[in-house]
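Open the model in your viewer and keep the sequence panel beside it. The stops below say what to select and what to look for at each one.

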Amino acid sequence: MKVRVVRSMGVTTFQDAGRPGYRAQGVPPGGAFDRGSMAVANALLGQSFDLAVMEVGGPLVLEFLEDGFVAMAGALFDARIGGAPTGLPGRTAVAKRAMLTLTPGRVGARCYLAVRGGWQVEPVLGSVSGAAVGVGEEYSGVGGPVGRLDDASLGDPAASLRSGPLRFVPFDEELDWAPGRAVTVSPQSDRVGIRLLGAGVTSPGLSQSEPSVCGAIQATPGGELLVHGPDGPTIGGYDKIGTVIRADLDRLGQLRPGDQVTLVAVETGEAKRLLAQREEELGRLVAFLKIRTASM
Amino acid sequence: MIGGMTLQPLGEAAFLLRGLDHGTAADWARLVRSWKFCGVTEVVPAYDSLGIYVDPEAFDAAKFFARFKKASPPADTEKKRHTIPVCYSMGEDLDDVCGQLSLTHQEFIASHTGRPYGCFAVGFCPGFAYLGPLDPLISGLPRRGSPRTRIEPGTVAVTGEQTGVYPLARPGGWNLVGRTPLELVDLKDGYFPIAAGDEVIFVSIDEEEFGYLRGERL
C-alpha cells in the first residue's frame, strides 16, 4: 500500500512512541502528542499501538497509488474520498488512484492516520518521531492487505477530545497564583509547547536552566503559561507551576488555539489513580477493536 | 549545602532535585546512574539540579531521597577535555560584540580561547552544551534584541557568562562570534561527544584551516 502526498498544510509528521533515554544529550523524547489516539488508529488495523502513524495537524490530501486500508482516530477532521464523505474516524478501504482529503474540524488539533504494518520511515535514535511528511513524497505501509477488512466507524469521539479541566500536580514554587481561572490556548502553540493566555501570573525566570518534562507548566516573563509538549526542550529556564498529569496529556495534545480550559491541582496519588483509570478504559477499547479486526 | 536540597515531583513520572553545590550536578548524575536505583530510567544534570525520570510504579521517592542525602558528594573526577577549533573571522556579530566590549578582535579571541570551560548542561537542542563561565572581560553581553530565525550549525556564540556552539541549525538570540568546521552531533549515529561535566577549550583557526577541517567530527 503506497500513497503520494498531494497537499499538506500545517505541521504533519510521522510519530510513534518516541525516543526516551536521550534527555541527557538534549534530545526530547517526542512521540505522538495524543498517544491514545495513535493506539486506537493502530488497533483498528489489528496491530501494535506504537507502529508509525501520521500525526496530521492541518489540511492533507493523499493519493492512493495502490488499493489499501487506512484507519483514522483523534481529532474530528472531515475525511472525504474522491469528495464523498467517509465513515472516518474509523477505518475504510481506499481504492487505487482515490484521493483522501482531510480537513481540520472544530474539535481537536491532531488526527492520526495508520496503515497496515505502520508507515515505513527511517528511524533516528530508534524512533521516526518528527520525520516530516513532505509534499510530493511517496510513503508506504508493509505488504498488501492481510484479508479483507470491512469499513468501521468509531462510535464515540476519542477520550482525548472530552472537555473538562486540565489536572496538574503542583510544583512548590513561591508564585502568587491561584488556579481555577479559565485560560485560552494561544495560536503560538505546537508540539514544543502549548501557550495559555490569561492566567494572570508572570515570573522573571530562573537564573539557571533546570530539567523539564512533557506537561511542565511554566510562568513566563510575558505572562503566558508555557506547557512543554513532547518536543519541548529537555531543560528550561522558567518557573514551574506544576505538571499536567499523564492521564490528561493526550487532551493537552488536542487543544486548539482559542480553546478555553481550566487548570485544577490534584495530588500525585490521585494522578496515579486517574492514569490507571484512563489506561484501563483505553486498554478495553484497543482490545475490543483488535478482537473485532482479528475475527474478520 | 546538603540541607538546602529539595526533591519535588514534576508530575508522576519525574522529579527535580535542586540545591546541589554549583557545578556538581554532572558528578552527582554519574553517581546516581551507578546506583541503578529501582525505577530510575534517566538522570539529567543541569547546573545545580538533577532531573530524575522514573517509572512511577517502581520508584520510591522517599527512599531515593534518603539515600541521596546520606551519600557523600562525588569525588572530583578527571574531566574529559574537548578542543574545538574556531574561525572567529566568520562570527557575524564579532564587530558588534567587540564594539560593545571596547576590545579589539585579538583581545576578544585571546580571552575566549584563554581558558577551558565547564559544560554545565546539555539541552536547548540535541547536543547543545552550555559552557562557561566566560572571563569577566568578555562576559555580560545581553541576548540580541530580536533572535535570529536560523543560526547555522557550528556557530559559536556568547551571552552573559555563557558560551556555546549551535550543533544544529536553530533559531537563537545569542551573539555570534565564530564558527567551527567540526560536526558536533550526529543524531542518526547517536553521536554526542560532549556531556555535562566535560571541559571544552577553543582554539583560533583561519579560514583556510576551516576549509581543511570542514565536516570532520569532533
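Start by colouring chain B by pLDDT. This is a predicted model, and chain B averages a pLDDT of 94. In chain B, 99% of the residues score at least 70. For the model, ipTM is 0.93 and pTM is 0.93.

**Stop 1: chain B as a whole**

Show chain B as a cartoon. You should find five helices and 13 strands. The C-alpha trace of chain B spans about 55 × 35 × 35 Å along its principal axes. Chain B has 218 residues, and 41% of them count as buried. Now consider contacts in chain B between residues at least 6 apart in sequence: 62% of these join residues at least 24 apart.

**Stop 2: the two domains of chain B**

Select 2-70 of chain B and give it one colour; that is domain 1 in the domain assignment. Select 81-213 for domain 2 and give it another. The C-alpha centres of these two domains of chain B lie 30 Å apart. Their contact takes eight residues from domain 1 of chain B and six residues from domain 2 of chain B.

Which elements of domain 1 of chain B give two or more residues to the side that touches domain 2 of chain B? They are α1 (25-35) and β3 (40-46) of chain B. The largest share comes from α1(B), with four residues. By class, this side of domain 1 of chain B divides into six nonpolar, one polar and one charged.

**Stop 3: where chain A meets chain B**

Bring chain A back into view. Here 30 residues of chain A are in contact with 30 residues of chain B. On the chain A side, select β16 (210-211), β20 and α3 (268-294), the elements that give two or more residues. Of these, α3(A) gives the most, with four residues. The side of chain A that touches chain B has 16 nonpolar, nine polar and five charged residues.

**Stop 4: along α3(A)**

Stay on α3(A) and check its length. With 27 residues at 1.5 Å a residue, α3(A) should span 39 Å. Its end C-alpha atoms are 38 Å apart, which agrees.

Next, show side chains. Which residues of α3(A) are buried? They are Ala271(A), Arg278(A), Leu282(A), Leu285(A) and Leu289(A). What covers these buried residues includes α1 (35-43) and β13 (166-170) of chain A.

**Stop 5: Asp248(A)**

Select Asp248(A), in the loop between β20 (239-244) and α2 (249-252) of chain A. Is Asp248(A) buried or exposed? Count the other C-beta atoms within 10 Å: there are 24, and 20 or more make a residue buried, so Asp248(A) is buried. Leave aside neighbours within four places in sequence, and Asp248(A) is in contact with Leu166(A) and Arg167(A). Then draw a distance from Asp248(A) to Lys272(A), 24 residues apart along the chain: their C-alpha atoms are separated by 11 Å.

**Stop 6: strand β5(A)**

Finish on residues 68-74 of chain A, strand β5. Seven of its seven residues are buried, so β5(A) is largely enclosed by the rest of the structure.

Add strand β8 (residues 90-94) of chain A, which pairs with β5(A) in the antiparallel sense over five bridges. Look for Val70(A), whose bridge partner in β8(A) is Thr92(A). Then add strand β10 (residues 111-114) of chain A. Four bridges join β10(A) to β5(A), and the two run antiparallel. Here Met72(A) stands opposite Leu113(A).

Technical notes: Residues are numbered from 1 along each chain as its sequence is written. Chains are lettered from A and ligands numbered from 1 in the order in which they are written. This is a predicted model: local features need pLDDT of at least 70, side-chain atom pairs count only at pLDDT 80 or more; totals for chains, interfaces and linings use all residues. A residue is buried if 20 or more other C-beta atoms lie within 10 Å of its own, exposed if 12 or fewer, and partly exposed in between; C-beta atoms are placed from the backbone. Two residues are in contact if their C-beta atoms, placed from the backbone, lie within 7 Å. Domain bounds come from an automatic or database domain assignment. Ala, Val, Leu, Ile, Met, Phe, Trp, Tyr, Cys and Pro count as nonpolar, Asp, Glu, Lys and Arg as charged, and the others, Gly among them, as polar. pLDDT is the predictor's confidence in each residue, from 0 to 100. The expected span of a helix is 1.5 Å times one less than its number of residues. Two strands pair if DSSP finds at least two bridges between them.
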